[in-house]
Amino acid sequence: MYTDLESLSVLNKAKKYNPKLSSNAKRIYIASGAQSTQHLASSLSYLLNTRGIETEVCEGEYNSFRAEILDKQSKLYEFNPDFVIILPYYTDKFDYTQLWENLQGRTVIQANIVLPPTSAYGRYGANVDRTLEQINFNMLTDKPANVIIADINELAAQIGKIQWFDSTAYAMYKLGCAMKYVPALADYFAGIIAASIGKTRKCLVLDLDNTLWGGVVGDEGPFGITLDPNDAKGEVFRAFQAYCKSLNERGIILAVASKNDENIAKAPFKENPNMLLHLDDIAVFKANWNDKATNIREIAAELNIGIDSLVFFDDNPAEREVVSKLLPDVLVVDVPKDPARYVQALYDSGAFDIVSLSSEDAARAKSYSNNLKREALQTSFSDYEDYLDSLEMQAKVEKITHAIPRFGQLINKSNQFNLRTQRYTDAQIEEMATDENYTLLTVDFKDKFDYYGIICCVILRYAENDCFIDTWVMSCRVLKRGIEKLVMNSIIDDARKRNANVITGEWLPTAKNSLVKDLLDDFGFTAEEVKGGAKKYTIKVNNTKPYTHKIGEMKNE
Amino acid sequence: MNNFEQLQEIFREVFDDPDMVITRELCADDVEDWDSLAQMNLVAGAEAKFGIQFELDDLLSWKNVGDFYDCIESKLN
C-alpha cells in the first residue's frame with residue numbers, strides 16, 4: 001500500500017504522463033457511476049506503463065454508464081475497448097448483471113460497490129437494508145466468463161472505510177474515495193488488467209537468512225536459527241513459511257537464492273523440525289557465493305520460464321536494489337524491516353494475483369478443500385479419549401548433556417505449570433547438564449495439526465538413593481494431553497536406571513502455580529504439608545508403575 | 001524551508017517546473033496548466049505534506065495563493 005507521499009508522487013507523475021500510443025496499446029474504457037475518474041484514468045495508464053503495458057484509456061461521461069453500455073451508438077462502442085471498467089458509486093443501486101451481455105467479447109472489470117460507513121438506521125443498518133450487499137453478491141453468482149469482479153469494497157475495507165471516503169472531496173470534486181487512495185484504486189485495476197493479459201508471476205525466489213528464518217544459519221547452525229514456535233519471532237518466520245507453502249500448494253513455484261554454502265543452507269531444511277518448508281517444496285535451490293542476479297537468471301533458465309515471471313523476496317535492501325537494477329523484469333517485493341509484516345507485504349505486492357482459476361488451479365483448489373473436509377471428518381469423535389486418539393500425538397523425551405537456549409527459556413518464563421519456580425541461568429544449566437548427579441530431560445512434542453517443539457523440561461537431582469524433582473515445567477499450550485503421564489514415566493525410568501529407591505518432590509506455592517498444586521498427589525506420592533503452605537512428597541520407586549497415555553514415540557522425518 | 005517555500009515545492013512538483021516561483025497574488029488565471037485537476041493535486045499535496053485536512057468552505061473560498069497559504073497556516077496553528 002502506498003504511503004501518502006508515494007500516492008502524491010504517483011498522482012503528480014500520472015498527471016504529466018503522456019504516452020505515445022502504439023497500435024497494440026490495450027484500450028481501456030472507464031464507465032462510471034456518480035463519481036469522477038480523471039485521476040483514476042491517468043494513474044491507471046501511468047501504473048500500467050510501469051508494468052510494461054501500453055494502454056489508451058478513455059473515460060465515459062460522469063454518471064453515464066447505463067446509457068453508454070446500453071446504447072450501441074455510444075462513444076464506448078466507438079472507442080472499441082478491450083477492457084471496460086464499470087465503476088459504480090454506492091448511490092448507483094442497480095442490477096449490473098443485465099449490462100454485461102452487451103459487452104460480450106470484451107473483458108469487463110466490474111467494481112463492486114463500496115458499502116458506505118453510514119446508514120440512516122445507525123449501527124443497526126445491516127439489520128434493515130442489505131440492498132448493496134445483495135447487489136455485490138449477485139455480481140459474484142451471476143458473472144459470465146468475460147466478467148471479473150473487482151473487490152473494491154474489500155480494498156476500501158483494508159484501508160478503512162472512514163479513511164477511504166472523503167465527503168469533502170466528493171462534494172467538491174465528486175471523488176469516490178479520498179484523493180490519496182486513487183493510486184491504490186488504480187493499482188488494483190492495473191493488477192487485474194496485467195493478470196488478465198497473461199502478465200502473471202509463476203515463481204517466488206526466496207532468500208534464507210532473516211527471510212525464511214531469523215538469524216544467520218552460517219553462524220548459528222541449523223538449530224540456532226530463530227524458528228521456534230514458542231518464540232514470538234520464531235512464530236513470525238513460521239507464519240511467513242506457512243504463507244509461502246500455501247502459495248506453493250496453489251501452484252506457485254518456490255526457489256531459493258542465498259549467499260551461503262549449499263550444505264549449510266540446506267541443513268535447516270533437513271534437520272530443523274521447526275521448518276515448515278521442506279527441500280522438496282523448493283524447485284531450484286541456489287546456495288552459493290555468486291551474485292543474486294546470476295542465480296536468479298539461472299533459476300529462470302532451469303525452470304524454463306521467463307525472468308518476468310519471477311518474484312524476489314529478500315530482507316536485504318542492498319540485494320533488492322541490485323536485482324531491481326540488473327533484472328528490471330523481476331518483481332522485487334518491497335520487504336518491510338519487521339518480519340511480522342512479511343506476509344502482508346507479499347500479499348500487497350499483488351505478485352500472484354490472478355483473475356480466474358485455470359482448470360488445473362481449480363482441480364488443485366478442489367483437492368485441497370477435499371483434504372480439509374477429510375481432516376474435519378477424521379476429527380469427529382465421541383469422547384475425550386477418542387479425541388486424544390485422533391490427535392496422533394508424538395513425543396520424544398531426551399536427556400540433554402549441554403545447555404540449550406530453549407531449556408533456560410522455558411524454565412525462566414513458565415509460571416503456571418512449575419512445581420518449584422526455580423530460575424537458572426544458562427551457565428547453571430550447563431553445569432547441571434554436565435554433572436553426573438543430575439538428569440536433565442526435554443520433551444519435544446507434535447500432533448497432527450502442529451509441531452510444538454520443546455514444551456517440557458525436567459531437572460532431577462540424585463543424592464544417595466534419592467531422586468529429587470528439582471524442576472518440572474511445562475508449556476500450558478499442551479495441558480490435558482497426557483504429557484504429564486509420559487513425563488512421570490520417564491522420571492520413574494530414570495530413577496530405576498540409577499538405582500534410586502525413592503523419588504521426592506516439592507510444590508512451592510507462588511501466586512501463579514496453583515495449577516500443579518495436586519500434580520504429585522495425583523501420581524500417588526505421599527504428601528506432607530510444611531510451613532508456608534508448601535508440600536513435600538515421596539514415593540517409593542518400587543510402588544510405581546507406568547501410566548498409560550496416548551502419545552506415541554516421535555519418529556525422525 | 002519555511003511553510004511558504006514548502007508550498008512552493010508542492011507547486012513545482014504539480015506543475016513539473018523546478019524554477020516556479022509563487023507569490024501571494026498568484027492565481028489560477030495566471031498559470032496555464034492550473035486547471036481543476038491541478039487544483040486537486042495541489043490540495044492533496046498540501047494535505048499530505050502538512051498533515052492537515054481542508055474543509056469544504058476552505059476549498060470554496062480561496063482566490064489566490066495567499067488565501068491557500070493563510071488557510072494552511074491557520075490549520076497548523
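# Reading a predicted two-chain model

Student: Where should I place Lys550(A) on the scale from buried to exposed?

Tutor: Lys550(A) counts as partly exposed, because its relative accessibility is 28%; a residue is called buried under 20% relative accessible area, exposed over 50% and partly exposed in between, using a 1.4 Å probe and protein chains only. Before going on, note that this is a predicted model, in which local features need pLDDT of at least 70 and side-chain atom pairs count only at pLDDT 80 or more, while totals for chains, interfaces and linings use all residues. Residues are numbered from 1 along each chain as its sequence is written, chains are lettered from A and ligands numbered from 1 in the order in which they are written, and side-chain values use heavy atoms, leaving out hydrogens and water.

Student: Which residue forms a salt bridge with Lys550(A), and how do I recognise one?

Tutor: The general idea is that side chains of opposite charge can pair when their charged atoms come close. Here the rule asks for a side-chain nitrogen of Lys or Arg within 4 Å of a carboxyl oxygen of Asp or Glu, and Asp389(A) forms such a bridge with Lys550(A), the closest N and O atoms being 3.4 Å apart. The pair links distant parts of the chain, with Asp389(A) in helix α19 of chain A and Lys550(A) in the loop between β17 and β18, 161 residues apart. Helices (H or I, at least four residues) and strands (E, at least two) are DSSP runs numbered from the N terminus. Asp389(A) is also partly exposed, at a relative accessible area of 43%.

Student: How many salt bridges are there over all chains, and which examples lie in chain B?

Tutor: The search of the whole structure finds 30 over all chains. In one of them, the side chains of Lys49(B) and Glu13(B) meet with N and O 2.9 Å apart, and this pair links helix α2 of chain B to helix α1 of chain B across 36 residues. In another, Asp70(B) and Arg24(B) meet at 2.6 Å, N to O; Asp70(B) lies in helix α4 of chain B and Arg24(B) in the loop between α1 and α2, so the pair ties together parts that are 46 residues apart in sequence.

Student: What should I look for in helix α2 of chain B?

Tutor: Begin with its length, for which the expected span is 1.5 Å times one less than the number of residues. The 15 residues of α2(B), residues 36–50, should therefore span 21 Å, and the end C-alpha atoms are 21 Å apart, which agrees. Just after the helix, Gly51(B) takes a positive phi of about 65°. The buried residues of α2(B) include Met40(B), Leu42(B), Val43(B) and Phe50(B), and the buried residues of this helix pack against elements of both chains, among them α1 and α10 of chain A and α3 and α4 of chain B.

Student: How do the two chains meet, and how much area do they bury between them?

Tutor: Buried area is the accessible area (1.4 Å probe) that two parts lose on being put together, summed over both, and here chain B and chain A bury about 1600 Å², 69% of it on carbon and sulfur atoms. Counting contact as heavy atoms within 4.5 Å, the interface takes 19 residues from chain B and 16 residues from chain A. The rule finds one salt bridge across the interface, in which Asp16(B) and Lys16(A) meet at 3.7 Å, N to O. On the side of chain B that touches chain A, the elements giving two or more residues are α1, α2 and α3 of chain B, and the largest share, 10 residues, comes from α2(B).

Student: Which residues have the most contacts inside the largest nonpolar core?

Tutor: In soluble globular proteins, nonpolar side chains tend to be buried together. A nonpolar core is a set of buried Ala, Val, Leu, Ile, Met, Phe, Trp, Tyr and Cys residues joined through side-chain atoms within 4.5 Å. The largest one has 73 residues, and those with the most contacts inside it are Leu44(A), Trp164(A), Phe189(A), Phe11(B) and Phe54(B). Helix α11 of chain A, residues 182–196, gives the most to this core, with nine residues. Apart from it lies another core of 39 residues, including Leu391(A) and Phe523(A).

Student: Is α11(A) itself enclosed or open?

Tutor: Since 12 of its 15 residues are buried, α11(A) is largely enclosed by the rest of the structure; Phe189(A) is one of those buried residues.
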